[in-house]
Amino acid sequence: MHDNLLVQAISVLQERTTNIRCSELVAMLESLGFTVRKGANGGHRVFIHNRLDGFYSSSFDGGHGRDDIVKPVYVRIVRRILLEHESDLRALLEE
């Protein structure tokens, strides 16, 4: 069942590269076990996953408004990370 969260996240990030809000991306990452915190500058966000081997952290810029659209380059980076760690994430979500 949790496996569907990963499939859905990857699909959404593929289909909606240009219109993902910061809050949506944060919620999506958190539902997959990532911890998301504010970065040093403005809308910058840093995300980590303590149980994902080989992944230390990454970040994205959530914009400087209240709930801005995340720039497509960051959406693609997040999608690539999910795809690179897909099998490990599936295993962790099954636990």
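A residue is called exposed when its relative accessible area is over 50%, buried when that value is under 20%, and partly exposed in between. With this scale in hand, the charged pairs of this predicted model can be explored. Side chains of opposite charge can pair when their charged atoms come close. In the present structure, 4 salt bridges are found, and three of the pairs are described here.

A good place to begin is Glu95, which is exposed, its relative accessible area being 64%. Glu95 is joined to Arg51 by a salt bridge, with 2.5 Å between the closest N and O atoms. Glu95 belongs to the segment that follows helix 4 (86-94), while Arg51 sits in the loop between strand 2 (44-48) and strand 3 (58-61), so this pair ties together parts of the chain that are 44 residues apart in sequence.

Helix 4 itself also hosts a pair, formed by Arg90 and Glu86. Their side chains meet in a salt bridge with an N to O distance of 2.6 Å. The two residues are 4 residues apart in the helix, which means that about one helical turn separates Arg90 from Glu86. Arg90 has a relative accessibility of 25% and is therefore partly exposed, and Glu86, at 23%, is partly exposed too.

A further salt bridge links the side chains of Glu24 and Arg16, where N and O are 3.0 Å apart. What are the relative accessible areas of Glu24 and Arg16? For Glu24 the value is 30%, so this residue counts as partly exposed. Arg16 has a value of 29% and is likewise partly exposed.

Key. Residues numbered from 1 in each chain as written. Predicted model: local features only at pLDDT ≥ 70, side-chain atom pairs only at ≥ 80, totals over all residues. Heavy atoms only, no water. Buried < 20%, exposed > 50% of the residue type's maximum accessible area, 1.4 Å probe, protein only.
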